[in-house]
Amino acid sequence: MSDQHDHDHDHHHDHNHTPITADEKPDYFDLMETSVRELLIERKLFGADEIRRQIEVLDSRTPALGAKVVARAWTDSQFKSRLLANGRTGCEELGITFYDDTQLIVLENTPDVHNLIVCTLCSCYPRPVLGLPPDWYKLKPYRARAVYEPRVVLEEFGTSIPDDVEIRVSDSTAIVRYLVLPMRPAGTEHLTEAQLAELVTRDAMIGVIQVDYKREAA
């Protein structure tokens, strides 16, 4: 089965859906992670110091890295082509290292296609370029509803996608992660690459919002 699902449905009727909130109790995967970690430490396969170092590596990764990649793609068409061909090596050109063996696929938003990222099984996420995922990304309501009613979910984030624009939902896996390359907003031709990067947010690189220069500049 393909990891990418195309969804382009009209939603003009009322929806009775579960809101995306962050009040869920630890799920199976949370409990399993805690149990396995404690067991590995108990068996002396690795120690708490090593876990702490890995946490520090994770903490050093922020959406600013991904924003840097997006801004470069907006200003350098040749880099953009390489990035779309191989997201991982494109990021490595900018000095972004990957601490795992995952692939990174960069999905470009266009006037005809809007991309949305989800992980339906757990919370696989492009952490080397975005850092830790937001709480709502890991919740079951988002993971389920992003697939079967993406247009409604986007509306809840304040993102209205016209009916004639196709919404593509890409499902991350343990070995394949996705990053959205948002459309560059109009009126930003005079901005430097660094200024463009400041406009790019984590949520835009997940695909739940668009980059709006007027809103950011207000």
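**Close-up views of a predicted model**

At 0% relative accessibility, Tyr 137 counts as buried, since the cut-off for that label is under 20%. This is a predicted model, and the legends below start from this residue.

**View 1. Tyr 125 and Tyr 137 form an edge-to-face pair.** Five aromatic pairs are found in the structure. In this one, the ring centres of Tyr 125 and Tyr 137 are 5.0 Å apart and the planes meet at 65°, so the arrangement is edge-to-face. Tyr 125 sits in the loop between β3 and α6 (127-130), while Tyr 137 belongs to helix α7 (residues 135-138), so the pair ties together parts twelve residues apart in sequence. Like its partner, Tyr 125 is buried, with 1% relative accessibility.

**View 2. Ring pairs build an aromatic cluster.** Take a step back from the two tyrosines and you will find Tyr 125, Trp 136, Tyr 137, Tyr 142 and Phe 157 linked into a cluster by ring pairs.

**View 3. Strand β3 is largely enclosed by the rest of the structure.** Six of the six residues in β3 (residues 113-118) are buried. Val 113, Asn 115 and Ile 117 cover one side, with His 114, Leu 116 and Val 118 on the other. Strand β4 (residues 166-171) runs parallel to β3, joined to it by six bridges. Look for His 114 opposite Ile 167 of β4.

**View 4. His 114 also helps line the second largest pocket.** This pocket contains about 150 Å³ of space. Its lining has 15 residues, and those closest to the centre are Asn 109, Thr 110, His 114, Met 183 and Gln 210. Sorted by class, the lining comprises ten nonpolar, four polar and one charged residues.

Note on methods
Residues numbered from 1 in each chain as written. Predicted model: local features only at pLDDT ≥ 70, side-chain atom pairs only at ≥ 80, totals over all residues. Heavy atoms only, no water. Buried < 20%, exposed > 50% of the residue type's maximum accessible area, 1.4 Å probe, protein only. Helix = DSSP H or I, 4+ residues; strand = E, 2+ residues; numbered from the N terminus. Pairing = 2+ DSSP bridges. 1 Å grid on protein atoms, 1.4 Å probe; cavity = no way out; pocket = protein on both sides within 12 Å on 5 of 7 lines; lining within 4 Å. Points joined across faces, edges and corners; volume = space filled by probe spheres on them. Nonpolar A, V, L, I, M, F, W, Y, C, P; charged D, E, K, R; others polar. Phe/Tyr/Trp six-rings, centres within 6.5 Å; stacked < 30°, edge-to-face > 60°.
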